[in-house]
Amino acid sequence: MQSRFYALISRMRYIGRWGLMRNTFQENIQEHSHMVAVLAHALALIQRDILHEPADPDRCASAALFHDASEILTGDLPTPIKYYNPAIKQAYKQVEAISCEKLLALLPEALRDSYRPLLLESDEQVARIVKAADKLSAHIKCLEELKAGNAEFDSAARQTRQALEQMHLPCLDYFMEHCLDSFRLTLDELE
C-alpha cells in the first residue's frame with residue numbers, strides 16, 4: 001500500500017493563515033513552516049554558538065517544519081478562538097494530537113518512531129525554541145504587512161512583540177536585538 005503521509009504534507013500549501021485579517025499578501029502553512037524552520041535553526045545556532053548553551057539546530061529546524069502539520073486535517077483555527085479560554089485551548093490541543101496520530105498512521109510503520117517527535121514534540125527545549133520561532137514568524141508577518149501600508153496588522157504586531165518579550169528566551173532576545181529590525185528594510189536597504 002502506498003504511504004499517503006507525504007502527499008498530505010504537500011497539501012500544507014492549501015491551508016491559509018490569518019483568515020480573519022485583510023492581508024496584503026497571503027501566507028499558507030507551508031510557507032510559514034519553512035520560515036519557522038529557518039528561524040528555529042537560527043535561534044538554536046545563536047543559543048549554541050553565541051550564548052554557548054546546549055541546543056540542536058537541526059532538530060529544531062526539523063521539528064519546526066512539521067509544527068503545524070496537524071492543520072492539514074484541522075485547518076488553521078484563528079488565534080482569538082484557539083486561545084479564547086482554557087477549555088477550548090485544551091480541546092484544540094487534543095484535536096491536534098489526534099490529527100498528528102492520524103498522520104503518523106499514514107507512514108510506513110518503520111518510520112513512525114522517527115516522525116513522532118517531529119509531529120508531537122516532546123523535548124521541552126526544542127519545543128520552546130520552535131514556539132519562539134513560530135511567534136517570531138507571526139511578528140515578522142505583521143512587520144511586513146505594516147511595511148506594505150496595511151494598518152490591519154498594527155494591533156497584532158504589538159501583541160506578538162509583547163508575547164516575544166515575555167518569553168524571556170536569551171537566543172530570541174539576541175535575535176530581536178541584532179536581526180529583527182532588518183525586516184523593516186527595503187530590498188535596496190538590505191543590500
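**Salt bridges and exposure**

Modeller: Glu 165 and Arg 161 both lie in helix H9, where they are 4 residues apart, about one turn of the helix (helices are DSSP runs of H or I with at least four residues, numbered from the N terminus). This is a predicted model, in which local features need pLDDT of at least 70 and side-chain atom pairs count only at pLDDT 80 or more, while totals for chains, interfaces and linings use all residues. Residues are numbered from 1 along each chain as its sequence is written, and side-chain values use heavy atoms, without hydrogens and water.

Biologist: Why is the contact between Glu 165 and Arg 161 called a salt bridge?

Modeller: A salt bridge needs a side-chain nitrogen of Lys or Arg within 4 Å of a carboxyl oxygen of Asp or Glu, and the closest N and O atoms of Glu 165 and Arg 161 are 2.9 Å apart, so the pair counts as one.

Biologist: What makes Glu 165 partly exposed?

Modeller: Glu 165 has a relative accessible area of 39%, and because buried means under 20%, exposed over 50% and partly exposed in between (1.4 Å probe, protein chains only), Glu 165 falls in the middle class. Arg 161, at 28%, is partly exposed too.

Biologist: How do you know that Arg 158 is exposed?

Modeller: The relative accessible area of Arg 158 is 51%, so Arg 158 counts as exposed, whereas its salt-bridge partner Asp 154 is partly exposed at 35%. The closest N and O atoms of Arg 158 and Asp 154 are 2.5 Å apart.

How values were computed. Helices (H or I, at least four residues) and strands (E, at least two) are DSSP runs, numbered from the N terminus.
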